[in-house]
Amino acid sequence: MPMYEYRCTECGHLYEQLRRMSEADQQLVCPRCASQQVERLVSACAVGASSSGGKGGGGCIPNGRFT
Ligand SMILES: [Zn+2]
């Protein structure tokens with residue numbers, strides 16, 4: 001299961017979450033301020049991520065950022 005990184009555009013909270021591909025674009029709620037203005041940043045090192053398009057300049061997120 002790929003890990004996705006999300007950012008709340010309301011409070012700027014950044015967090016990661018494991019989600020199934022089919023759930024990646026489900027409605028998101030910021031765990032900090034409960035805003036629904038959350039955007040998905042990148043899928044960290046997910047295989048086949050090149051098909052997502054959108055925000056360029058992605059790639060792998062270095063390991064050990066959080067846990
Ligand atoms: Zn927030």
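**Note on a predicted three-stranded chain**

1. Met3 stands opposite Leu18 in strand E2, and this pairing is a convenient place to begin reading the model, which is a predicted one. One residue further along, Tyr4 stands opposite Gln17, also in E2. These pairs belong to an antiparallel arrangement in which five bridges join strand E1, residues 3-8, to E2.

2. For the overall layout, the protein chain holds three strands and zero helices, and its elements, taken from the N terminus on, run β-β-β. Of the 67 residues in the chain, 6% count as buried. Among the contacts in the protein chain with a separation of 6 or more, 39% are accounted for by residues 24 or more positions apart.

3. The two faces of E1 deserve a careful look, since the strand has a covered face made of Tyr4, Tyr6 and Cys8 and an uncovered face made of Met3, Glu5 and Arg7. As a general point, side chains in a regular strand alternate between the two faces of the sheet. A student can follow this in E1 by reading along the strand and assigning Met3 to the uncovered face, Tyr4 to the covered one, Glu5 to the uncovered one, and onward in that manner.

4. Is Tyr4 buried or exposed? Tyr4, whose place is in strand E1, counts as buried because it has 21 C-beta neighbours inside 10 Å, and the cut-off for that class is 20 or more. The C-alpha atoms of Tyr4 and Arg19 are separated by 6.9 Å, although the two residues are 15 residues apart along the chain.

5. Glu5, which also has its place in strand E1, counts as partly exposed because 18 C-beta neighbours lie inside 10 Å. From C-alpha to C-alpha, Glu5 and Arg40 are 6.0 Å apart in space, while in sequence they are 35 residues apart.

6. Pro2 is found in the segment before E1, and with 15 other C-beta atoms within 10 Å it is partly exposed. In sequence Pro2 and Met21 are 19 residues apart, and in space their C-alpha atoms are 7.4 Å apart.

7. The hairpin of E1 and E2 has five residues between the strands, and within this hairpin Gly12 takes a positive phi near 80°. A second positive phi, near 65°, is found at Ala34, which is a residue other than glycine. In general, most residues other than glycine have a negative phi, and the backbone at Ala34, with its positive value, is therefore worth a second look when the model is inspected.

8. Where does Ala34 lie? Ala34 is found in the loop between strand E2, residues 14-18, and strand E3, residues 38-43. Ala34 is exposed, because there are 10 other C-beta atoms within 10 Å, and the limit for that class is 12 or fewer.

9. Cys33 lies in the loop between E2 and E3 as well, and it counts as partly exposed because it has 13 C-beta neighbours inside 10 Å. Which residues does Cys33 contact, leaving aside its neighbours within four places in sequence? The contacts of Cys33 are with Cys8, Glu10, Cys11 and His13. For the pair Cys33 and Cys8, the C-alpha atoms are 8.6 Å apart in space and the residues are 25 residues apart in sequence, and Cys8 is one of the residues on the covered face of E1.

Technical notes
Residues numbered from 1 in each chain as written. Predicted model: local features only at pLDDT ≥ 70, side-chain atom pairs only at ≥ 80, totals over all residues. Helix = DSSP H or I, 4+ residues; strand = E, 2+ residues; numbered from the N terminus. Pairing = 2+ DSSP bridges. Contact = placed C-beta atoms within 7 Å.
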